[in-house]
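Reader: I have a sequence and a fold on my screen. Please walk me through it, starting with the ligand.

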Amino acid sequence: MLPGTSGGAWRGSEYIASLKDDREIWCEGRRVDVTGDPEFTPMLTTLAGLYDAQHLPDRAGQMLYRSETTGNPVSLSYLAPADRDALGRKWANSHRWAEASHGQLSRIPDFMSNVVVGLYDFRHQLAEVDPRFASNAENYYHYARENDLTLTHGLGDPQIDRSATPAQRPELGLRVVRRGADGIVVRGAKQIATLAPYAHEVLIYLSPANYLREDPSYVCWFAAPLASPGLRVLCRSSYTGSGGLAGRYDEQDAMLVFDDVFVPMDRVFLLDDSQTAVRGFAELNKWSLYTGQIRYYHRLRTLLGVASLLAQAIGVNKFRQVTDLLGELTSYVELVRLGLEAIDAESRPTASGLLAPGSTAALDAVAGRFSSRASEIIRQIGASGLIMQPSEGDLGTSALRSALDTYMCGRETSPDEKSRIFRLAADLTVDRFGMRQELYETWNRGDPARVRSMLYDRYPDLRRCEAGARDLAEGRMDHT
Ligand SMILES: Cc1cc2nc3c(=O)[nH]c(=O)nc-3n(C[C@H](O)[C@H](O)[C@H](O)COP(=O)(O)OP(=O)(O)OC[C@H]3O[C@@H](n4cnc5c(N)ncnc54)[C@H](O)[C@@H]3O)c2cc1C
């Protein structure tokens, strides 16, 4: 059990206290204590609120379950589902997390908990490399679940020179520089890890872009506390001070720099074996990709709600050109909902006896495009109103009131209500916070060009599509 905790699913105050450790977090040249720094505490308060919500009397039954090993109430995010009922409860919990944060927290803790479920599920394949890796994965799953660990992950290499290989420049990849019976020492960096300053531990594995390494010392999967000696977390500039959504939902993105970090052997899950790393990537991500789509669905719903309110506020909601745009945005929401249903319907038993969702590849392939288009639709409907709104300061100034009430109101909307919905729209689609979300939707599932290429390469029905096309071209008529 983590020091100072009662075990099981976090309550907000316990979670905040658990981050008071020796972690080395840097932001804009300052070393920060995330539990007290004004740029970091707003997001911490958001996460604490979400953790508290799991214990509300009307929620607990839908977000927690009793650990069969300790009897503690633990998060359904960590449930390793073996049947339909369990899978349904798991997804209902994911919807709760994502809906409560309006789809704005891309790496909501529910995401990485599901990667740990994937690691646990993959343990038998890890055993074929080294039986210790399998027991490490199993023990880590129980440790993470019982302590409700908040995790970040770093898959990619630092963006130094994509045309070079680690064999030419060792600093391009994270690698094992020493190994002993008690553990390994790793050196290098990972770009990038969302949520890192708020996480207890980082889980390192490899993205498909870099798993086929010439040198096996670059293949290493492990978990390490954020407070590990030698691990530095370099955050991007904070957006919190901009206010609006960033004031609540700046989950941060960070470079992780490992300066000879020691990882005890019981936290190492794979070494040296590229082929197992290749197979493992998709296996580890099975549940998290689905929960990522659930989060994405709630973000699209938020964008639809905002677009619709914008249109109503300025009386354009009945114009054909605008309803066309709103209908297009609605179609993205519906396609993702239907996709989630279909992928759930294709759930299959895994080799270890769990039940995993079908492939999210088709939704992953279009998510960035739907998202960019949804933002474009909001900018199309909002037009100049996205920047020309009174601030809260203006709204509270009596000398401006009559001008605001006359010229900055909406069709049937006060200037107060109208400006708040337009400012929210600008936050989501024009300002720095929204642009970062956009970047996230495009890149978080890996390079979208690779995702789409793999979807095509592995499409099981391709040969039949080609056969049909060939028949048509050759004029063969078979109507059976
Ligand atoms: C907001 C945000 C949050 C993220 N959070 C996380 C996280 O929490 N954890 C995590 O592990 N990752 C995270 N990612 C990283 C994400 O997985 C990567 O952005 C993605 O894999 C692409 O890698 P890259 O950004 O290094 O781009 P690069 O790989 O450097 O690509 C740059 C450009 O070069 C092209 N390119 C690169 N290599 C090739 C090649 N071999 N052939 C052809 N074209 C190529 C790409 O298509 C792209 O256009 C996050 C990304 C963003 C934007």
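**Ligand, strands and domains**

Author: This is a predicted model. In it, 21 residues surround the ligand. The closest are Leu155, Thr194, Leu439, Tyr440 and Trp443.

Reader: Which element gives the largest share of the shell around the ligand?

Author: Three elements each supply at least two residues of that shell: β5 (151-154), β7 (183-194) and α16 (432-443). Four residues come from a single helix, the largest share. That helix is α16.

Reader: How many residues of the shell around the ligand are charged?

Author: The shell draws at least three residues from each of domain 1 (12-283) and domain 2 (285-466). By class, eight of its residues are nonpolar and eight are polar. The charged ones number five.

Reader: How confident is the model, and what is the mean pLDDT of the chain?

Author: The model scores ipTM 0.98 and pTM 0.96. In the chain, 97% of residues reach a pLDDT of 70 or more. The mean pLDDT is 95.

Reader: How far apart do the C-alpha centres of domain 1 and domain 2 lie?

Author: The domain assignment gives domain 1 as 12-283 and domain 2 as 285-466. Across the boundary, 37 residues of domain 1 are in contact with 31 residues of domain 2. The C-alpha centres lie apart by 26 Å.

Reader: Which element gives the largest share of the side of domain 1 that touches domain 2?

Author: On that side, 37 residues of domain 1 contact 31 of domain 2. The elements giving two or more residues to the domain 1 side are α4 (84-100), α5 (109-121), α6 (123-129) and α9 (274-284). By class, this side divides into 18 nonpolar, 12 polar and seven charged residues. The largest share, eight residues, comes from α5.

Reader: Now the strands. Which residues of β10 point to one face and are buried?

Author: Strand β10 covers residues 231-235, and its side chains alternate. Arg232 and Leu234 point to one face and are not buried. The buried residues on the other face are Leu231, Val233 and Cys235.

Reader: Which residue in β10 stands opposite isoleucine 25?

Author: Strand β1 (residues 24-27) pairs with β10 in the parallel sense over four bridges. Along β1, Ile25 and Cys27 point to one face and are buried, while Glu24 and Trp26 point to the other and are not. Tryptophan 26 stands opposite leucine 234. Opposite isoleucine 25 is valine 233.

Reader: In β11, what is the bridge partner of valine 233?

Author: β10 and strand β11 (residues 253-264) run antiparallel, joined by five bridges. Valine 233 is one of the buried residues of β10. Its bridge partner in β11 is leucine 256.

Reader: Which residue in the turn between β1 and β2 has a positive phi?

Author: Three bridges join β1 to β2 (residues 30-32), and the two run antiparallel. Cysteine 27 stands opposite arginine 30. The two strands form a hairpin with two residues between them. In that turn, a positive phi of about 50 degrees belongs to glutamate 28.

Reader: Is proline 197 buried or exposed?

Author: Proline 197 lies in the loop between β7 and β8 (201-204). Beyond its sequence neighbours within four places, its contacts include Ile25, Val233 and Cys235. The cut-off for a buried residue is 20 or more other C-beta atoms within 10 Å. Proline 197 has 27 such neighbours, so it counts as buried.

Reader: Which peptide bond is cis, with omega near 0 degrees?

Author: Most peptide bonds are trans. The exception here ends at isoleucine 192, with omega near 0 degrees. Isoleucine 192 lies in strand β7. The cis bond runs from glutamine 191 to isoleucine 192.

Reader: Leucine 195 has a positive phi. Is leucine 195 buried or exposed?

Author: Leucine 195 is not a glycine, yet its phi is about 75 degrees. Its place is in the loop between β7 and β8. Because 24 other C-beta atoms lie within 10 Å, leucine 195 is buried.

Reader: And alanine 383, buried or exposed?

Author: Alanine 383 also has a positive phi, about 45 degrees. It lies in the loop between α12 (361-382) and α13 (392-395). It has 12 C-beta neighbours inside 10 Å, so alanine 383 counts as exposed.

Notes:
Residues are numbered from 1 along each chain as its sequence is written. This is a predicted model: local features need pLDDT of at least 70, side-chain atom pairs count only at pLDDT 80 or more; totals for chains, interfaces and linings use all residues. Two strands pair if DSSP finds at least two bridges between them. A residue is near a molecule or strand if its C-beta atom, placed from the backbone, lies within 6 Å of it. Ala, Val, Leu, Ile, Met, Phe, Trp, Tyr, Cys and Pro count as nonpolar, Asp, Glu, Lys and Arg as charged, and the others, Gly among them, as polar. Domain bounds come from an automatic or database domain assignment. Two residues are in contact if their C-beta atoms, placed from the backbone, lie within 7 Å. pLDDT is the predictor's confidence in each residue, from 0 to 100.
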